[in-house]
Amino acid sequence: MTDKEKCKDKKYAGRRSIFELVPEASQLRLAEPIKHSGIRVNLLALGDVGATLLMALKVLGGGLIERIGIYDVNPDVMSRFEIEMNQIGWPFGEKKLPEVVCLDEEDLFDCDMFVFCASKAVPPIGAGGDVRMAQLAVNSKIVSYYGRLAGEKNYKGIFAVVSDPVDPLCKAALLASGLQPGQVRGYGLGVMNKRAEYYARGDRRFESYLTEGRAFGPHGGDLVIANSIENYDDEVSRELTALTVAANLKVRELGFKPYIAPALSSGAISLLLTLRGEWNYSSVYMGKGTEGAFLGIKNRIDPASGEVIIEDLLLPQKLYDRIENAYRNLCEIN
């Protein structure tokens, strides 16, 4: 059944489109279309997240990514990863994997996709509360610095933010850079989707999420998990949302930093899907001018035109209200 047909069906009466929230979100596009091959990706910072993401892009990016440039403030770290990454590959030349090269800072925006993984405020093990938002103040200064560099270089590629808190950092990068809104994208929702699936596989009350559910909103406390679009249950969805938001704390309670799943599900896998023009969970800008926020949602980029295509679903009112609340709260973050 098409959306037009649904609008005539009493079952869908009162449902609302995400574009009612921000009509301008339907006009996002890149500065230039995505290449089909020979893509150059530059990665900033090789901490836990950056190093894990780099390894995945190296192994999974063959045939699409030609070269991965790396930059870190510690030159020995750069040299270590250049050596080790270029010693990974298939025997007998069966498949060509991306070459990894060290960069100077001035070369960071000589690429098709820039990936921001820098962070100076990773909360220690045992930290309570929303550990993601604790990183905002210091990391926004860092991302703004690189945003300005991107603007000065007249950068035409994708500016991808992976560091926490993803969505506010995207806004800081956009304001500092002057790039087109469609060029800046945040990667934090992919792992929230997989965390919701993790709990849905273990509890029959949530199993509808595996085939009918969706994730919306930020990589943090205002996350919105919907158990089903067709048969939305607000109570079940809020319970699954709470489990998903707290999933990273379960790993911290074991004495480990929860960076592997985010680096792979939100990072490498979602970045590759973006470059292939396939559907993925990531944050896109929703707003007019500087009035707006980055909101996580299922979307893809049309490789030929560079248009950002956002999944437009007819949402039950209670679900729409949750998404609108998350969006308004993101708009208030400075």
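Buried, as the word is used here, means a relative accessible area under 20%, with exposed standing for values over 50% and partly exposed for those in between. By that cut-off D112 is buried, because its relative accessible area is 19%. The structure described here is a predicted model.

## Salt bridges

A search of the whole structure finds 13 salt bridges. One of them joins K35 to D112, with the closest N and O atoms 3.5 Å apart. K35 belongs to the loop between β1 (16–17) and β2, while D112 belongs to the loop between β4 and β5, so this pair ties together parts of the chain that are 77 residues apart in sequence. In contrast to the buried D112, K35 counts as partly exposed, at 36% relative accessibility.

A salt bridge is also formed by R40 and D110, whose closest N and O atoms are 2.8 Å apart. R40 lies in strand β2 and D110 in the loop between β4 and β5, so the pair ties together parts that are 70 residues apart in sequence. R40 is partly exposed, with a relative accessible area of 22%, and D110 is partly exposed as well, with a relative accessible area of 41%.

Elsewhere, the side chains of R214 and E311 meet in a salt bridge of 2.8 Å, N to O. This pair links distant parts of the chain, with R214 in strand β8 (residues 214–216) and E311 in the loop between β12 (308–310) and β13 (314–315), 97 residues apart. Both R214 and E311 are buried. Through shared partners, salt bridges join K35, R40, D110 and D112 into one network.

The three salt bridges described above are set out in the table.

| Salt bridge | N to O distance |
|---|---|
| K35 and D112 | 3.5 Å |
| R40 and D110 | 2.8 Å |
| R214 and E311 | 2.8 Å |

## A buried arginine without a salt bridge

R185, placed in strand β7 (residues 184–186), is buried yet has no salt bridge, and the nearest side chain of opposite charge, that of D167, is 11 Å away. Because a salt bridge requires a side-chain nitrogen of Lys or Arg within 4 Å of a carboxyl oxygen of Asp or Glu, D167 does not serve as such a partner for R185. The side chain of R185 does, however, make a polar contact of 2.9 Å with the side chain of Y187, and a further polar contact, of 2.7 Å, joins the side chains of R185 and S282.

## Strand β2 and its neighbour

Strand β2 (residues 39–44), which contains the R40 of the salt-bridge network, is mostly covered, since five of its six residues are buried. Six bridges join β2 to strand β3 (residues 65–71), and the two strands run parallel. Within this pairing, V41 has I68 as its bridge partner in β3.

## Aromatic rings

The structure holds nine aromatic pairs. Among them is the stacked pair of F109 and F159, with 6.1 Å from centre to centre and 25° between the planes. It links distant parts of the chain, because F109 is in the loop between β4 (99–102) and β5 (113–116) and F159 is in strand β6 (residues 158–161), 50 residues apart. F109 is buried, with a relative accessible area of 9%, and F159 is buried too, with a relative accessible area of 0%.

The pair of Y198 and Y199 is edge-to-face, at 5.2 Å centre to centre and with 85° between the planes. Here Y198 counts as exposed, at 54% relative accessibility, whereas Y199 counts as buried, at 18%. Ring pairs also link F109, F114, F116, Y145, Y146, Y155 and F159 into a cluster.

Charged groups are found over rings as well: the charged end of R80 sits over the ring of F81, 4.5 Å from its centre, and K95 lies over the face of W90, at 4.8 Å from the ring centre.

## Backbone features

A cis peptide bond, with omega of about -10°, joins D164 and P165, and P165 is found in the loop between β6 and α5 (166–177). F92, a residue other than glycine, has a positive phi near 65°; F92 is placed in the loop between α3 (75–85) and β4 and counts as exposed, at 80% relative accessibility. N154 likewise has a positive phi, near 55°, and its place is in the loop between α4 (136–152) and β6.

Terms used. Residues are numbered from 1 along each chain as its sequence is written. Side-chain values use heavy atoms; hydrogens and water are left out. Helices (H or I, at least four residues) and strands (E, at least two) are DSSP runs, numbered from the N terminus. Buried means under 20% relative accessible area, exposed over 50%, partly exposed in between (1.4 Å probe, protein chains only). Lys and Arg count as positive and Asp and Glu as negative; His and the chain ends are not counted. A polar contact is a pair of N or O atoms within 3.5 Å; within protein, one must be able to donate a hydrogen and the other to accept it, and residues adjacent in sequence count only if both atoms are side-chain atoms. Rings of Phe, Tyr and Trp (its six-membered ring) pair if their centres lie within 6.5 Å; planes under 30 degrees apart count as stacked, over 60 as edge-to-face and the rest as tilted. A charge sits over a ring if NZ of Lys or CZ of Arg is within 6 Å of the ring centre and within 35 degrees of the ring normal. Two strands pair if DSSP finds at least two bridges between them.
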